[in-house]
Amino acid sequence: MSAMVGSVTRERYDELVKLGRDWVATMSSAQWRLGDAAVEIEPMRPYGGANPSGKDDLFTVSEAIRMFAEDVGLAYTTVRSYRWVSSSLAEGAPAGGRLAHHPQGPGQHSR
């Protein structure tokens, strides 16, 4: 009789772990890409930076990030977080370069 982990055999559990690791890597890559896109849309700047009030038909940072988040189907706070992490870990480096150094993904770095 095979050992069970929850309701599955140990063999099936090991298969699910392997799949899960692949899914986490895919998710991490997507988080970096979304964060980089958000930084491209609205680069980081000091608090109250250029056009903080949204005058002259320009979006505020929050409005632009909220619009991007809604258009890709994510919560504003999620995209805001990805943007912050993306900008703070390796400014100017493309996502692929960061993934090699931070494979855990946004919010899970070991700094």
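**Exercise 1. Find which residues of α3 are buried, and check the length of this helix.**

Step 1. Buried residues have under 20% relative accessible area, exposed ones over 50%, and partly exposed ones lie in between (1.4 Å probe, protein chains only). In α3, the buried residues are Y76, V79, Y82, R83, V85, S86, S87 and L89.

Step 2. Before going on, note that this is a predicted model, in which local features need pLDDT of at least 70 and side-chain atom pairs count only at pLDDT 80 or more, while totals for chains, interfaces and linings use all residues. Residues are numbered from 1 along each chain as its sequence is written, and side-chain values use heavy atoms, with hydrogens and water left out.

Step 3. Now the length. The expected span of a helix is 1.5 Å times one less than its number of residues. Helix α3 covers residues 76–89, which makes 14 residues. From its first C-alpha to its last it reaches 20 Å, close to the 20 Å expected.

**Exercise 2. Place α3 among the elements of the chain.**

Step 1. Helices (H or I, at least four residues) and strands (E, at least two) are DSSP runs, numbered from the N terminus. The chain has four helices and two strands.

Step 2. Read from the N terminus on, the order is β-β-α-α-α-α.

Step 3. For the chain as a whole, 24% of the 111 residues count as buried.

Step 4. Contact means heavy atoms within 4.5 Å. Take the contacts between residues at least 6 apart in sequence: 52% of them join residues at least 24 apart.

**Exercise 3. Work out which way α2 faces.**

Step 1. Check the span: the 12 residues of α2 should cover 16 Å at 1.5 Å a residue, and the end C-alpha atoms are 17 Å apart, which agrees.

Step 2. List the buried residues of α2: A64, I65, F68 and A69. Seen down the helix axis, these residues fall within an arc of 135 degrees, so they line one face of α2. The arc is that of the directions from the helix axis to the C-beta atoms.

Step 3. A general rule helps here: an α-helix has 3.6 residues a turn, so residues three or four places apart point the same way.

Step 4. Look at both sides. The buried residues of α2 pack against α1 (10–41) and α3, whereas the face turned away from the buried side carries the exposed residues E70 and D71.

Step 5. Step just past the end of α2, and you meet G73, which takes a positive phi of about 85 degrees.

**Exercise 4. Which residues form the largest nonpolar core?**

Step 1. A nonpolar core is a set of buried Ala, Val, Leu, Ile, Met, Phe, Trp, Tyr and Cys residues joined through side-chain atoms within 4.5 Å.

Step 2. The largest such core has six residues, namely A38, I65, F68, A69, Y76 and V79. Two elements, α2 (61–72) and α3, give two or more residues to this core. The largest share, three residues, comes from α2.

Step 3. Pick out A69. Not counting residues up to four places away in sequence, A69 touches L74, A75, Y76 and V79.

Step 4. Turn to Y76. R66 lies over the face of Y76, at 4.0 Å from the ring centre. A charge sits over a ring if NZ of Lys or CZ of Arg is within 6 Å of the ring centre and within 35 degrees of the ring normal.

**Exercise 5. Is E42 buried or exposed, and what does E42 touch?**

Step 1. Locate E42 in the loop between α1 and α2.

Step 2. With a relative accessible area of 10%, E42 is buried.

Step 3. Leaving aside neighbours within four places in sequence, E42 is in contact with F59, T60, V61, A64, I65 and R83.

Step 4. For a second loop residue, try M44, also found between α1 and α2. M44 is partly exposed, with a relative accessible area of 37%.

Step 5. M44 touches R83, W84 and S87, not counting residues up to four places away in sequence. The C-alpha atoms of M44 and S87 are separated by 7.0 Å, although the two residues are 43 residues apart along the chain.
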